[in-house]
Amino acid sequence: MTATWSAPGRVNLIGEHVDYNDGLVLPFALAFVTTTRVSAREDGVVHASSAGRAGTAVFGVDTQPGDVDGWAAYVAGVVWALVSTTVTEPPTRKSQAPAISGGMDIEITSDLPVGAGLSSSAALECAVAAAVGDEFDLRLDRGELAAAARKAENEYVGAPTGVMDQLASMLCEPGHAMLLDCRSLEATHIPFEPAGADLRLLVIDTRAEHALIGSEYADRRATCEAAAAELGLAALRDATLQQVRSLTDSTQLRRAQHVVTEIQRVRDVAGLLVAGCPQDIGPFLSASHESLRDDYEVSSEELDVAVESALAAGALGARLTGGGFAGCVIALVRVARLVPVVDRVEAAFTLHGWRPPHVWVVAPSRGAFRRDEAGATS
Ligand code: ADP
Ligand code: MG
């Protein structure tokens with residue numbers, strides 16, 4: 001038998017650096033996907049290959065963290081996470097669910113930009129998790145598959161990410177952004193169809209690189225935890241602006257101020273979308289960027305230039321999206337301003353002597369889906 005699943009990348013419309021503060025985020029799925037075809041084998045061995053990458057990774061279904069590195073660690077990590085989930089939890093919880101038996105062939109293709117902050121890693125993990133779960137009839141729901149995908153990234157690959165990316169890839173719905181409460185993991189699907197309001201959402205990949213993203217991320221996380229502890233709170237999600245402004249450490253104050261105001265902006269944007277006013281969210285996107293730049297200090301010259309030139313050419317709002325320092329900017333534009341905005345951003349990059357950015361018009365798309373043998377979707 002064979003099971004083939006596609007899982008999308010995502011962009012976060014708003015709610016940056018708030019997931020690990022138990023906050024609210026508002027991602028949506030892209031139409032760019034990673035597709036995985038899984039076929040069971042009898043010999044207990046996994047053979048994984050990815051189009052455009054040399055060689056086949058070979059490892060056992062009993063793989064453990066540390067056994068496999070490089071891109072195949074994401075795949076091995078998912079197999080490991082699914083084996084540990086299905087070995088330890090059934091038969092009590094899912095009485096009839098069989099665990100993974102034998103080995104498998106895993107073939108991967110993708111049209112997602114890799115390493116651009118559009119979460120090709122979560123797309124890969126989720127496509128593998130869904131296809132393996134299907135092929136071996138593991139009877140895990142989408143939330144459980146997302147949890148296994150996150151476990152792979154955190155504990156096998158060793159990247160300390162939150163659960164937003166995997167839940168977005170598994171759960172998003174077309175024409176909707178997903179309001180995710182990172183404390184309860186409750187997801188609410190909120191209508192967001194820019195095209196219906198003569199709007200377009202641009203993703204602009206600055207193609208810039210930054211070597212210290214991992215340590216900067218750990219530093220921000222630690223400062224937020226320290227600020228919450230200082231205020232006697234479980235997480236900054238529970239802080240008011242007034243409490244934050246009582247912090248004596250100015251770095252903690254500015255970081256916490258970003259978190260508290262950003263969570264409020266997510267609520268405001270979600271409210272505007274529910275009210276059917278996507279054209280009014282622009283100022284919140286731009287305010288998010290200013291807060292990330294000035295209070296959270298995770299922007300970069302390339303990200304700032306992309307945002308400023310988009311706004312100068314008439315974008316309704318623009319912000320860095322993802323962890324910052326490098327990666328992508330999103331800009332909300334009226335259809336009539338689409339070409340001038342793209343031209344202005346490209347011209348600004350040329351002026352600085354930077355590589356031209358990659359620019360896509362994106363629309364909220366569906367979460368992971370099964371493909372039949374002919375490649376059609378179901
Ligand atoms: P992002 O998730 O923003 O694209 P990451 O650094 O988190 O960036 O993940 C990128 C990594 O994920 C790649 O370096 C590679 O190891 C792995 N990866 C993603 N997509 C694929 C793919 N289609 N084939 C093989 N590896 C992939
Ligand atoms: Mg990633």
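This report describes the domains, two groups of paired strands, and selected helix contacts of a predicted model.

**Domains**

The chain is split into domain 1, covering 2-187 + 365-371, and domain 2, covering 194-362. Taken over C-alpha atoms, the centres of domain 1 and domain 2 are separated by 26 Å. Contact between them involves 27 residues of domain 1 and 39 residues of domain 2.

**Strand pairing**

The strand pairs treated in this report are listed below, each with its bridges and one pair of opposed residues.

| Strand pair | Sense | Bridges | Opposed residues |
|---|---|---|---|
| E2 and E7 | antiparallel | two bridges | Val 25 and Leu 180 |
| E7 and E8 | antiparallel | five bridges | Met 178 and His 189 |
| E9 and E11 | antiparallel | seven bridges | Leu 202 and Ala 331 |
| E10 and E11 | antiparallel | five bridges | Leu 320 and Val 329 |

**The sheet E2-E7-E8**

Three strands make an open sheet in the order E2-E7-E8, and their pairing is antiparallel. Strand E2 (24-25) and strand E8 (187-191) are the edge strands; each has a single partner strand, so one side of each lacks a neighbour in the sheet. Strand E7 spans residues 176-181 and pairs with E2 over two bridges. In that pairing, Val 25 has Leu 180 of E7 as its bridge partner.

On the E8 side, E7 is joined by five bridges, again in the antiparallel sense. Here Met 178 is partnered by His 189 of E8. E7 and E8 form a hairpin with five residues between the strands, and Leu 185 in the turn has a positive phi of about 65°. Helix H4, residues 164-171, lies across E2, E7 and E8 and runs at about 140° to E7.

**Strands E9, E10 and E11**

Strand E11 comprises residues 328-334 and is mostly covered, with six of its seven residues buried. E11 pairs with strand E9 (residues 199-205) in the antiparallel sense over seven bridges. Leu 202 stands opposite Ala 331 of E11 in this arrangement. E11 also runs antiparallel to strand E10 (residues 317-321), to which five bridges join it. Opposite Val 329 of E11 stands Leu 320. E10 and E11 form a hairpin with six residues between the strands, in which Gly 322 adopts a positive phi near 95°.

**Helices H7 and H8**

Helix H7 (residues 250-274) and helix H8 (residues 282-294) have axes that come within 10 Å and cross at roughly 170°. The two helices are therefore roughly antiparallel to each other, given that angles over 145 degrees are counted that way. On the H7 side the contact is made by Arg 254, His 258, Thr 261, Glu 262, Arg 265, Asp 268, Val 269 and Leu 272. H8 contributes Phe 284, Ala 287, Ser 288, Ser 291, Leu 292 and Asp 294. The residues of this contact comprise five nonpolar, four polar and five charged.

**Thr 223 in helix H5**

Thr 223 belongs to helix H5, which covers residues 213-230. Its relative accessibility is 14%, and Thr 223 therefore counts as buried, the limit being under 20%. Apart from neighbours within four places in sequence, Thr 223 is in contact with Thr 251, Gln 252 and Arg 255.

Methods:
Residues numbered from 1 in each chain as written. Chains lettered and ligands numbered in written order. Predicted model: local features only at pLDDT ≥ 70, side-chain atom pairs only at ≥ 80, totals over all residues. Heavy atoms only, no water. Pairing = 2+ DSSP bridges. Helix = DSSP H or I, 4+ residues; strand = E, 2+ residues; numbered from the N terminus. Contact = heavy atoms within 4.5 Å. Axes fitted to C-alpha atoms, helices over the stretch in contact; angles between N-to-C directions. Parallel < 35°, antiparallel > 145°, perpendicular 65-115°, else oblique. Nonpolar A, V, L, I, M, F, W, Y, C, P; charged D, E, K, R; others polar. Buried < 20%, exposed > 50% of the residue type's maximum accessible area, 1.4 Å probe, protein only. Domains from an automatic or database assignment.
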